[in-house]
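Visitor: I have the sequence and the coordinates open, and I would like to go through the geometry with you step by step. Please reason aloud before you settle on each answer.

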Amino acid sequence: MEKDIVDFALEYAKGKYIEYAEVRAQNQKLEQLMLKNGILEAFLSSVNSGFCVRILAEGGIGFASTNKWTRDEAKAVVDLAYRFAKTARRKDKIKFAEEKAVETTWEVGQKKKIEDVDSETKIEQFLDADKALTSHTVNVPARVLQCIMQLTEKYFANTEGSRISSFVPKIAAFCFITVAEQGKSEQAFEQFGYSGGWEAFKGWRMTEKLVQDANILKDVITKAKAVKPGTTDLVCGSEVTGIAAHESCGHPMEADRILGREMSQAGRSFIYKGGPFWIGTRIGTDVVTIVDDPTIEHSYGYYKYDDEGIEARRRYLYKNGIINEFLHNRETAAKLGTRSNASSRSVNYDREAIVRMANTFVLSGDMTEEELIEDLKNGVYMVSFTEWNIDDKRFNQRYVGREAYLIENGELKHPVAKPVIETTTLKFWSAVDAVSKNLKFDAATCGKGDPMQGIPCYTGGPSIRLRDVYMK
Amino acid sequence: MNGVLNATEEIVKKAKSLGADEVIAKTTFGKYRRSRFSNNEIDTTVAWNDYVTDVALSWKKRVVATQIRDFQNVDGQLKQLFGIAKVSKENPMFGGFAKGKFKHAPSSADRKIVELEDPSEYIFGAIEAAKREAGQDVNSGGILLTKFEDVYLVSSEGPIGVDSRSAIEFSIRVFSQREASGHSVECSSNLRNFDPSKAGVEAGKIAGLAKNPKVGEEGVYDVVLAPLFAGAMLGMWASMVSAFSVMIQLSVFVNKLGQKVASDIVTIKDNPAPYSVSHRVFDDEGVPIKENVFIDRGILKTYLHNTSTAKIFKTKTTGNAGLVVPTAWNVETDVGNMSKDEMFGGIKRGLYLTNTWYTRFQNYVKGDFSTIPRDGIFLIENGEIKQSLKDVRLSDNALSLLNNIAGISRERKHVHWWGEADPPSLAPYLLIKNVHMTKSK
């Protein structure tokens, strides 16, 4: 990475009538392998390196990027960003919240460096996972196993004096399997993610998890019965708790969405000034506390400083059932009279940083999972989900169980076929009466932005219990 | 620009000299500009220039690929790639890259798109058009994208091609009230046919009609899908007709070739024609693109193929090769014989749905899924819009919808929006019978 060109671009930008400028450079080594039904379909290896310039001038923002590392190109992108900022001709001038300049270097360590593991070993380990699936007693006719490894070096500099260098290795696996039994099929998707080195692969226990998924899908086909529609109690496993926290707490608490900046794509939020929900409004029971925390070491959504150079910290989104703190970047923070809480992230140098979650999860309680279930006369235990979605104000959501069981008199009975909860954010979190202590995380890729930016994150939480919800 | 083609050819020659059996290199010089607006003001304009050569090579049926962006060290990157090929695993299903010399149609790209200095007037014009339709206090947001790519492709197996690809896309969502909105797009490959104020008018009209929505009711309805919604469904079906999707069972069309998968009036094709924002004259193997009818009067006729998947399915490539897997470029339905008003006229109690998002499946092979309508959901009674609705979900099956299509409009619109109405399409109004709707309880 040629930091002198970054510094040159920043100096050149300073010569213009600007309120603020930053240059963010990124060098990313990428390796990607894909196995399709046990065959290596392709192995991709590439390096992507470039930088962007973001300028605030006359209350407008301009952004330009390039992967050409020359001083002439640097001047060209600064000129372009400056021109775009001015052509916005905004009446409501954009401002950034005041923040201190930072000079630092940070990185994520690797016990076993990704770059030291040869390609052959990487391929072999995924082939072994595939072999375990095919040598198992369950018929898994379609399998896709993908691995993506990214070594990302960044350098951030702004006109306020910040200079931040970082290095983050990330590894992720994406698996999709189809189980066929008795002329029927069921499918499962699993994602694994880690910030760190190749040691992740062992930690994931991916093979074991996929074989377990295959067994579960077989049980769904051969043993599951439909749930009787009606009001019942529901225990959500951590995977279901996590997706609900992400969709119906993390997303609606993004301040850019609240302010309307995502209105034509990901939408707005049921939370808005002057509406029924705002900071201080109850959205769930006392036992519901949902946080977003980028500082969990080696988490998939880990970062120490965001892409505006702000130090990361835990954010309490819903606190004891009350709407507490939005996710902010410097622009939204200024608009709502507060400080950034380091939620600005970008997937690449050629994409603007926008407000994003990192690792969103429900804080644990003090009960065991068994204690959640043993009190229930009738209910459903939804361990994992398949189809899910939520409306663009983040209020009406639906989760369909993949692995689920009937609960009778405090005991788990037979598997349940595709139980559905379709409810509102308020009803969901207001129905929670107990939270267990078994906190777990799942890796996910969160979609937002235009162009779309799929950003690494964790969803998570413990098992939680909901009373009197409608299931079908 | 012959220099770029020569440099691309040099990459192929170097890879061959290292021992590669087959090589494709595709160089793209892309210029992209995207203005985003909300609350009736421009939030930011993002520009990115990309200079990249995609290289795919095979060695003893081992397939590896890279993207070269550092043109000072091409040799080093190719050697590294070839090194990976040597420790990689054989792909017995790799059928080679397309062979032969092909004649490509001339590009019809509009270079004026890249020369647009300040496209913000397009945005302000469309916002004003929306205000004229739905009132001065409406709140609009959206994007304006311009794209221009020069593409140079050289394959060791014969194909050589030069193409230019241009697009201009405008998307506007207009809120007349907090929960009343309309959305429309204007998409074109050239400036001649581009009028974003039309999108402003349409979005404003829908937003005006959508005022004071009531929560909808669960049930089974006959529905009319507007082109933006129909485009999302066409994209869903087209992605499932890629041979790759079929092979990994990410498709409702597995083992259904030659079978009836839709009602008799349904003919759907892939056709990256000159009007389309994804127009092109060759695919990523250098094979000339063509029109591929994949559902013909209800019968599934073909999957979309590259050379390798075509060999597996004992057929010929359809010109849909992406770098690794086959993909649909631009989906079209054949022209129908109804007007939108005629569709409405036949409905005693039904729904008119103008847009959707967040489509997710329980099981792709079975096709059970749900998607969430937005931006104008209307109850139709006796052929007329009676009430604006909200908070309903379409929860049905991908094959059932195809089989229940009872009407296709004469009018079609070129639509592309975000990740929802994607890939781009030439989408009609669709009348679909017996569609299941659900809601939160």
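Visitor: How are helix 3 of chain A and helix 5 of chain A oriented to each other?

Guide: This is a predicted model, so the geometry discussed here is computed from predicted coordinates. Helix 3 (residues 119-134) of chain A packs against helix 5 (residues 206-223) of chain A with the axes 9 Å apart and at an angle of about 25°, and the crossing is right-handed. Since angles under 35 degrees count as roughly parallel, the two helices are therefore roughly parallel to each other.

Visitor: Which residues of helix 5 of chain A meet helix 3 of chain A?

Guide: On the side of helix 3 of chain A, the residues that take part are Asp128(A), Ala129(A), Ala132(A) and Leu133(A). Their partners in helix 5 of chain A are Met206(A), Thr207(A), Leu210(A), Val211(A) and Ala214(A).

Visitor: What angle do helix 1 and helix 2 of chain B make where they pack?

Guide: Helix 1 (residues 2-18) of chain B meets helix 2 (residues 74-87) of chain B through Ile11(B), Lys14(B), Ala15(B) and Leu18(B), which face a set including Leu78(B) and Phe82(B). The crossing of these two helices of chain B is right-handed. Their axes lie 10 Å apart, and the packing angle is about 45°. That value makes helix 1 of chain B, relative to helix 2 of chain B, oblique.

Visitor: What distance does helix 6 of chain A span between its end C-alpha atoms?

Guide: Helix 6 (residues 238-250) of chain A has 13 residues, and 13 of the 13 are buried, so this helix is largely enclosed by the rest of the structure. A straight helix of 13 residues would span 18 Å at 1.5 Å a residue, whereas helix 6 of chain A spans only 16 Å.

Visitor: Where in chain B does the proline that follows Asp422(B) lie?

Guide: Most peptide bonds are trans. The bond from Asp422(B) to Pro423(B), however, is cis, with omega near 0°, and the bond from Asp450(A) to Pro451(A) is also cis, with omega near 10°. Pro451(A) is found in the loop between strand 22 (440-448) and strand 23 (453-461) of chain A, while Pro423(B) lies in strand 18 (residues 421-438) of chain B.

Visitor: Is Trp329(B), which is in contact with that same Pro423(B), buried or exposed?

Guide: Trp329(B) has its place in the loop between helix 7 (307-312) and strand 12 (331-333) of chain B. Leaving aside neighbours within four places in sequence, its contacts include Asp270(B), Arg280(B), Ile289(B) and Pro423(B). With 23 other C-beta atoms within 10 Å, and 20 or more being the cut-off, Trp329(B) is buried.

Visitor: What is the phi of Asp468(A), and what is that of Arg297(B)?

Guide: Most residues other than glycine have a negative phi. Asp468(A), in strand 24 (residues 464-471) of chain A, counts as exposed with 11 C-beta neighbours inside 10 Å, whereas Arg297(B), in the loop between strand 10 (292-296) and strand 11 (299-300) of chain B, is partly exposed with 14 other C-beta atoms within 10 Å. Neither is a glycine, yet phi is positive in both: near 55° for Asp468(A) and about 45° for Arg297(B).

Visitor: What ipTM does the predictor give the complex?

Guide: For chain B, the mean pLDDT is 96, and 100% of its residues reach 70 or more. For the complex, the predictor gives a pTM of 0.97 and an ipTM of 0.96.

Conventions. Residues numbered from 1 in each chain as written. Chains lettered and ligands numbered in written order. Predicted model: local features only at pLDDT ≥ 70, side-chain atom pairs only at ≥ 80, totals over all residues. pLDDT = per-residue confidence, 0-100. Helix = DSSP H or I, 4+ residues; strand = E, 2+ residues; numbered from the N terminus. Expected span 1.5 Å × (residues − 1). Buried ≥ 20, exposed ≤ 12 C-beta atoms within 10 Å, placed from the backbone. Axes fitted to C-alpha atoms, helices over the stretch in contact; angles between N-to-C directions. Parallel < 35°, antiparallel > 145°, perpendicular 65-115°, else oblique. Left-handed = near helix turned anticlockwise from the far one by under 90°. Contact = placed C-beta atoms within 7 Å.
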